[in-house]
Structures are given as C-alpha cells and as structure tokens.
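Work through the exercises below with the sequence and the model side by side, and try each task before reading its solution.

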Amino acid sequence: LACAVLSPAASAGGPGMALGVAEDVVRVPDLVGARAQLNLLRVAGFSTVRITSQWQPGYVAPPEGELAVLRSVEAAARLTGVRVIVSVYHPGSRTTPLTPEAQDQLARYVGALVAALPSFDDVVIGNEPNLNRFWLPQFNLDGSIASAPAYLSLLARTYDAAKAADPTVRI
C-alpha cells in the first residue's frame, strides 16, 4: 500500500494523450453558440471532440448549411484550443457507397470539406463498415466478405482526395 501511495502516478497515455468525446452538440451554426459548447467541453476536461458530417448520395461537397455549421465549429475550436476530428460517413445501409460513382462522390465530398476547413487536421472515413446498420452487403452470395474490400476501395479514394486537398491531413 505504501508503494502505491508513494509512487508517482503513471502517465499511461504520455504527454500527448488527448481526452476527447464524440459529441455533435457542438455543431452550432453560430460562433458564439459553438464556442460556448466547446468551452463546456474544456471545463469538463476534454481537449478533443469528434463531430460528424453525413454524406448523402449525389453530394460532391458539403451543402452550404453544413459548411456554415462546420466553419462555426472550426472558428470556435481555434478560439478554445479544442481539437476537432470530423467523421464523414453515409447515414445508413440504404446509402452504402458501393459503386465507383458513389465512392467518387463521397471522396470529392471529403476533399471539398478538407479544402474548406483547413484547421481540421483529422478526418475519419466511414462508420462501422463491419455492421449492417451502416454497411450492406456484409457478405457476398458465396459467403465471402463483401464489406471489407468495398470499404477499402472507399477509403483509398477518399484518402487520395483528402491528401490532394491538404497533404498534411490525417485520415
């Protein structure tokens, strides 16, 4: 007991570890509201927030309303020092981007998002491609895995589009 009490606390995550939360409540269309939400996260001890941006079939860039919200979060993040990670995905299995055309659209959406929001350095592509809630089909008729190769194709296309817009972005 004495050793445990007297030993220094372990830095399990190291000095670069971020404590974050997945929370879209910060997606407020005005700077004052977004800054207030991010300040609340800061007070709670969080330094990072993951927000979402949902792609829909046919979109090749975020709609203006979506960009306005993301720009307000971006400006508020700069003021508060909160790191923002943007997760871009389709809303469900009915909109799974399986065709080359749909995957190119989503890739262009991500590229446009990265170009429009230069201080967002981290982008997550897709959401749970291993679950049929977000990705169908999971399996081919012969029982082989369908979702993994399709997701890999999407990831490769979006990676290239994002890096073309900003070579420093992390995917």
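**Exercise 1. A pair within one helix**

In which helix do E74 and R78 both lie, and how many residues apart are they?

*Solution.* Before starting, note that this is a predicted model, in which local features need pLDDT of at least 70 and side-chain atom pairs count only at pLDDT 80 or more, while totals for chains, interfaces and linings use all residues. Residues are numbered from 1 along each chain as its sequence is written, and side-chain values use heavy atoms, with hydrogens and water left out.

Step 1: E74 and R78 both belong to helix α3, where they are four residues apart, about one turn of the helix. Helices (H or I, at least four residues) and strands (E, at least two) are DSSP runs, numbered from the N terminus.

Step 2: the side chains of E74 and R78 form a salt bridge at 3.8 Å, N to O, where a salt bridge is a side-chain nitrogen of Lys or Arg within 4 Å of a carboxyl oxygen of Asp or Glu. Side chains of opposite charge can pair when their charged atoms come close.

Step 3: E74 counts as buried because its relative accessibility is 5%, whereas R78 counts as exposed because its value is 54%. The cut-offs are under 20% relative accessible area for buried, over 50% for exposed, and partly exposed in between (1.4 Å probe, protein chains only).

**Exercise 2. Pairs that link distant parts**

Which parts of the chain are linked by the salt bridge of R27 and E66?

*Solution.* Step 1: the side chains of R27 and E66 meet in a salt bridge at 2.7 Å, N to O. R27 sits in the loop between β1 (20-22) and α2 (31-43), and E66 sits in helix α3 (residues 64-80), so that distant parts of the chain, 39 residues apart, are linked.

Step 2: R27 is partly exposed, with a relative accessible area of 23%, while E66 is buried at 14% relative accessibility.

Step 3: compare this with R157 and D104, whose side chains also meet in a salt bridge (2.7 Å, N to O). Because R157 lies in helix α5 (residues 147-165) and D104 in helix α4 (residues 100-116), this pair ties together parts that are 53 residues apart in sequence. R157 is partly exposed at 27% relative accessible area, and D104 is partly exposed at 33%.

Step 4: the structure holds six salt bridges, and R83, D122 and R170 are linked in a network of such bridges.

**Exercise 3. The surroundings of a serine**

Is S53 buried or exposed, and with which side chain does the side chain of S53 make a polar contact?

*Solution.* Step 1: S53 is found in strand β2 (residues 48-54), and S53 counts as buried because its relative accessibility is 0%.

Step 2: the side chain of S53 makes a polar contact with the side chain of Y109 at 2.7 Å. A polar contact is a pair of N or O atoms within 3.5 Å; within protein, one must be able to donate a hydrogen and the other to accept it, and residues adjacent in sequence count only if both atoms are side-chain atoms.

Step 3: leaving aside neighbours within four places in sequence, S53 is in contact (heavy atoms within 4.5 Å) with several residues, among them E66, V86, Y89 and L113.

**Exercise 4. The whole chain**

What pattern does the chain follow along its sequence?

*Solution.* The chain has five helices and four strands, and they follow the pattern α-β-α-β-α-β-α-β-α. Buried residues make up 39% of its 171 residues.
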